[in-house]
Amino acid sequence: MQPILEIIDVRKNYGNKEALKGVSLRIEPGKVIGLLGPNGSGKSTLIKLINGLIQPTSGEIIVAGKTLGIETTKMISYLPERTYLNDWMKVKDLLGFFDDFYEDFDKDRAREMLGVLKIDEESKLKTLSKGTKEKVQLILVMSRKARLYILDEPIGGVDPAARDYILNTIIKNYSEDSSVIIATHLIQEVENICDDIIFLGYGEVMLQGNVDDIRAEKGQSIDSLFREVFRC
Ligand SMILES: Nc1ncnc2c1ncn2[C@@H]1O[C@H](COP(=O)(O)OP(=O)(O)OP(=O)(O)O)[C@@H](O)[C@H]1O
């Protein structure tokens with residue numbers, strides 16, 4: 001099966017700081033992958049590289065068999081850590097914007113999810129709470145029929161009661177030929193929806209594998225393994 005994402009010996013230096021020291025990964029379709037690592041481990045750097053926002057110092061990134069370019073950008077639906085949406089826009093303007101901009105956007109699906117979370121399409125973003133803004137942004141990103149979803153801290157500002165809905169939204173809205181990468185510090189919350197996890201530490205892949213296999217082999221949850229591996 002063709003992988004959705006192949007990262008081949010990718011290095012990224014910022015000046016003389018080595019943020020990624022030769023990372024190689026292969027991500028198969030139909031998976032939810034937790035990208036986990038302590039502060040400064042290189043998660044955001046890796047995500048920016050996959051999205052073509054920065055260039056690797058060396059190495060190669062291939063999305064669905066294609067080297068990075070316009071075609072791969074279209075296949076990726078990206079939720080950045082910080083909002084890029086204009087505060088003066090109404091939720092319905094954003095729906096229109098996504099509908100115009102992305103051929104694969106499913107407006108009806110987005111509307112349905114906004115309805116469940118009781119988010120009024122007439123609201124201006126600047127009047128919404130931080131968590132509600134995050135929900136809107138995640139709904140927009142997950143309403144695209146992309147091959148690869150990359151979510152950078154998707155539930156950080158969302159209250160615990162809404163987290164389950166958000167996580168269910170994520171797993172319900174990807175198909176067998178797509179994959180989801182979730183970068184987060186909220187390991188306990190996401191480990192049950194992840195098929196695989198990647199531990200990134202000090203710019204290197206320290207552990208990668210199936211969540212159930214790792215839990216069985218180590219006899220502990222991913223959360224407690226993370227605390228053990230990266231204890232300060
Ligand atoms: N623009 C930049 N210029 C210089 N150094 C940078 C730059 N961006 C990141 N770094 C450094 O690269 C390393 C990896 O940073 P990165 O933001 O990728 O980590 P992260 O795992 O996403 O961290 P966090 O969990 O805190 O968001 C860190 O040491 C950081 O200081």
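This report describes strand pairing, a buried strand and the surroundings of a ligand in a predicted model.

**The antiparallel sheet**

Four strands form an open sheet with antiparallel pairing, in the order β2-β1-β4-β5. Its edge strands are β2 (17–27) and β5, each of which pairs on one side only. Strand β1 covers residues 5–14 and pairs with β4, residues 58–63. Strand β5 consists of residues 66–67. The table lists the pairings of this sheet, followed by the two that involve β8.

| Strand pair | Sense | Bridges | One pair of facing residues |
|---|---|---|---|
| β1 and β2 | antiparallel | 8 bridges | Val10 and Val23 |
| β1 and β4 | antiparallel | 5 bridges | Leu5 and Val63 |
| β4 and β5 | antiparallel | 2 bridges | Ile62 and Thr67 |
| β3 and β8 | parallel | 4 bridges | Ile33 and Ile181 |
| β7 and β8 | parallel | 5 bridges | Ile150 and Ile181 |

Strands β4 and β5 form a hairpin with 2 residues between them, and in this hairpin Ala64 has a positive phi near 45 degrees.

**Strand β8 and its partners**

Strand β8 (residues 179–183) is largely enclosed by the rest of the structure, because 5 of its 5 residues are buried. Ser179, Ile181 and Ala183 point one way from the strand, while Val180 and Ile182 point the other way; residues of both sets are buried.

Strand β8 runs parallel to β3, residues 32–36, and also parallel to β7, residues 148–152. Ile181 of β8 takes part in both pairings: Ile33 stands opposite Ile181, and Ile181 is also the bridge partner of Ile150. Strand β7 is followed by helix α6 (residues 160–172) and β8 in a right-handed β-α-β unit.

**The shell around the ligand**

The residues that surround the ligand are Tyr14, Lys17, Ala19, Gly37, Asn39, Gly40, Ser41, Gly42, Lys43, Ser44 and Thr45. Two elements, β2 and α1 (43–50), each give two or more residues to this shell. Helix α1 gives the most, with 3 residues. By class, the shell has 7 polar, 2 nonpolar and 2 charged residues. Strand β2 thus appears in two settings: as an edge strand of the open sheet and as a contributor to the shell around the ligand.

Terms used:
Residues numbered from 1 in each chain as written. Predicted model: local features only at pLDDT ≥ 70, side-chain atom pairs only at ≥ 80, totals over all residues. Pairing = 2+ DSSP bridges. Near = placed C-beta within 6 Å. Nonpolar A, V, L, I, M, F, W, Y, C, P; charged D, E, K, R; others polar. Buried ≥ 20, exposed ≤ 12 C-beta atoms within 10 Å, placed from the backbone. Right-handed = clockwise from strand over helix to strand, strands pointing away.
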